[in-house]
Amino acid sequence: MNMSQQSPSADRRLSVLARHLEPSSSATVETSIVAAPTSGNAGTNSVFSHIVRAPEDPILGVTIAYNKDSSPMKLNLGVGAYRTEEGKPLVLNVVRQAEQLLVNDRSRVKEYLSITGLADFNKLSAKLILGADSPAIQENRVTTVQCLSGTGSLRVGAEFLARHYHQRTIYIPQPTWGNHPKVFTLAGLSVKSYRYYDPATRGLNFQGLLEDLGSAPSGAIVLLHACAHNPTGVDPTIDQWEQIRRLMRSRGLLPFFDSAYQGFASGSLDTDAQSVRMFVADGGEVLVAQSYAKNMGLYGERVGALSIVCRNADVASRVESQLKLVIRPMYSNPPIHGASIVATILKDRNMYHEWTLELKAMADRIIRMRQQLFDALRARGTPGDWSHIIKQIGMFTFTGLNSEQVAFMTKEYHIYMTSDGRISMAGLSSRTVPHLADAIHAAVARAR
C-alpha cells in the first residue's frame, strides 16, 4: 500500500503524532530536576557518611599488623592455618592428586549443585564423623547438607534451630572461638556461656562446667568443641565426656558439636571423633558442624557439612526439607570444587590412606613444636609451670600470657598473636622456637 492509499484511521494516527511533535504555542514550563541523595550530582555528602569505622577482626587484625612489620624477625602466631617447617602454606599431595583427576575428567561440568550440595560428599562426610558402621546412618536418621566450611555449617544449623527448635538459648564455653557468639546471635539465638577453662591450672574447669550445664534450662542448646578446643587446646578426657553426656541427656540439653579439627588434634580421625560418636550412640539427637579447612588444608575452598542426627528417618527427611529453606535464600547452593576434592579422596581407598598419613604428619609436627617450646622454656629457667603446653592439644596453645606481655613481645620481638595469649603452634618451626622462647622468658621475667 502506498501513501495515497492509506486508510482514514492511519491518517488520524499520523495527524495526532504530528501535533505532538510541533512546538507548543503555550508558554514553556521549566522543570527543575533536583539531584537525589543517591545520584552522582549530590555533592560531597554520602548517604553512608554516618557510618563509623568498624574495628578490625581481632584474629585477622593480627595478620594485618604482621604484614605491615618490615622486621626480618617477625613471626605470625595468630591465624589458625598450618605452616611447614619452612613457614610456608601446605597443599597436601593427595589434594593435588585429586584436583588433577578432576581436571582431567572431561565429563565434569560446572552446573549448579542442588541446594543440599554434592550427594557423595554429604554421605562420606557423615560416615567420617559418625563412623562407617554408625546405626544412625544405617537407619537413615541422619540428614547432611554441604555448607560453607565450619562457619557456614554453624550458621545454617543455628538459623534452623532459631526457626524450629523450642529453645532459643545456646550455651557456649568460656572462652571459645571469637566468631561463635556472633554467628549464633545473628542467627537469632540467645547466647549464654558455661565455665570451661581454669586460668589457675591452665586446664579444664570441669566442676564449673558441670554446675553451669546442670543449671541450664531444660532443652537448651549446648555448643561443644568435638576436639582441640579453640582457643585453649584443653579437651575433656573420655571419662569426662561420658559425664557430660549423661548430664546433658538427663537435662534434655541439645548438643551442637563444632568439629573443625578431626584428625588434626591426635593424628587419628577416629580418636578425634569419639566425643561426637558417644552422643550419637545413645540414640539421642545431635547436630554436628564439620570443616575440611584444617584436616585437608582446604582453607580457601570453604568446604564443610552440617549433619543432624534425628530420632527416625521420617523426621530426618522433614528436617532436610526445612534446611533447604534456610539455605536457598542465604546462598542458594554451595560451590562444587572443594566438595569434589573431598569426595574424591574419601571414596578412594588408596587416596584416603595417603590422606591419613599426611594428616598424621601435620599433627605430629605440631606435637613436636609443643615439646620443643616446653623444653626451650625449661632450659631458660622461665618462671612458672609450662607443662600445659604439652598437655594441651591441637593447633592452639593458651599460653597464659596477659595482654601486656603480648604487647611487649610484639613491640620488642616482633611476635604477633591475639591479645589473650593464644598462639598457633602450627605457625612455629624448629628455627623459630628459640626466638619465641626468648620472648616469653623476657615478658614473664619483666613482669616479676
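Q: Let's start with one residue. Which helix does Val95 lie in?
A: This is a predicted model, so treat everything here as a reading of that prediction. Val95 sits in helix α3, which covers residues 93–104.

Q: Is Val95 buried or exposed?
A: Look at relative accessible area, where anything under 20% counts as buried. Val95 comes in at 3%, so it is buried.

Q: How far apart are Val95 and Val342 in sequence and in space?
A: Sequence separation and spatial distance are two separate readings. Here the two valines are 247 residues apart in sequence, yet their C-alpha atoms are 8.2 Å apart in space.

Q: On to rings. How many aromatic pairs does a search of the whole structure find?
A: It turns up 11. Take Phe257 and Phe279: their ring centres are 5.2 Å apart and the planes make an angle of 75°, which is an edge-to-face pair. The pair links distant parts of the chain, with Phe257 in strand β8 (residues 254–259) and Phe279 in helix α10 (residues 274–281), 22 residues apart.

Q: Are Phe257 and Phe279 buried or exposed?
A: Same cut-off as before: under 20% is buried. Phe257 has 0% relative accessibility, so it counts as buried. Phe279 is buried as well, also at 0%.

Q: Which residues form an aromatic cluster?
A: Tyr82, Tyr261, Phe264 and Phe396 make up one cluster. Phe396 also has a charged neighbour: Arg422 lies over the face of its ring, 3.7 Å from the ring centre. You can find another arginine over a ring at Trp386, where Arg202 lies over the face at 5.3 Å from the ring centre.

Q: How do I read a strand? What covers the faces of β10, and what does β10 pair with?
A: Check burial first, then partners. In β10 (residues 303–309), seven of its seven residues are buried. Both faces are covered: Val303, Ala305, Ser307 and Val309 are on one side, with Gly304, Leu306 and Ile308 on the other. As for partners, β2 (residues 142–148) pairs with β10 in the antiparallel sense over seven bridges, and β9 (residues 286–291) does so, also antiparallel, over six.

Q: Which residues stand opposite Ile308 of β10?
A: From β2, Thr143 stands opposite Ile308. From β9, Leu287 stands opposite that residue.

Q: What about the surface? Which residues make a nonpolar patch?
A: Val47, Phe48 and Ile51 make one of about 310 Å². Ile51 is in the loop between α1 (8–21) and α2 (60–68). With 54% relative accessibility, Ile51 counts as exposed.

Q: Now the backbone. Where are there cis peptide bonds?
A: Omega is the angle to check. One cis bond joins Gln174 and Pro175, with omega about 5°, and Pro175 is in the loop between β3 (169–174) and α7 (180–187). Another runs from Asn230 to Pro231, with omega near 20°. Pro231 is in the loop between β7 (221–225) and α9 (238–251).

Q: Which residues other than glycine have a positive phi?
A: Examples include Ala228, with phi near 50°, and Ser332, with phi near 70°. Ala228 is in the loop between β7 and α9, and at 3% relative accessibility it counts as buried. Ser332 is in the loop between α11 (313–331) and α12 (337–346). With a relative accessible area of 24%, Ser332 is partly exposed.

Conventions
Residues are numbered from 1 along each chain as its sequence is written. This is a predicted model: local features need pLDDT of at least 70, side-chain atom pairs count only at pLDDT 80 or more; totals for chains, interfaces and linings use all residues. Side-chain values use heavy atoms; hydrogens and water are left out. Rings of Phe, Tyr and Trp (its six-membered ring) pair if their centres lie within 6.5 Å; planes under 30 degrees apart count as stacked, over 60 as edge-to-face and the rest as tilted. Helices (H or I, at least four residues) and strands (E, at least two) are DSSP runs, numbered from the N terminus. Buried means under 20% relative accessible area, exposed over 50%, partly exposed in between (1.4 Å probe, protein chains only). A charge sits over a ring if NZ of Lys or CZ of Arg is within 6 Å of the ring centre and within 35 degrees of the ring normal. Patches are made of residues with over 30% relative accessible area and no salt bridge: like charges are joined within 9 Å, nonpolar side chains (Val, Leu, Ile, Met, Phe, Trp, Tyr) within 5 Å. Accessible areas come from the Shrake-Rupley method with a 1.4 Å probe; for residues, only the protein chains shown count as cover. A salt bridge is a side-chain nitrogen of Lys or Arg within 4 Å of a carboxyl oxygen of Asp or Glu. Two strands pair if DSSP finds at least two bridges between them.
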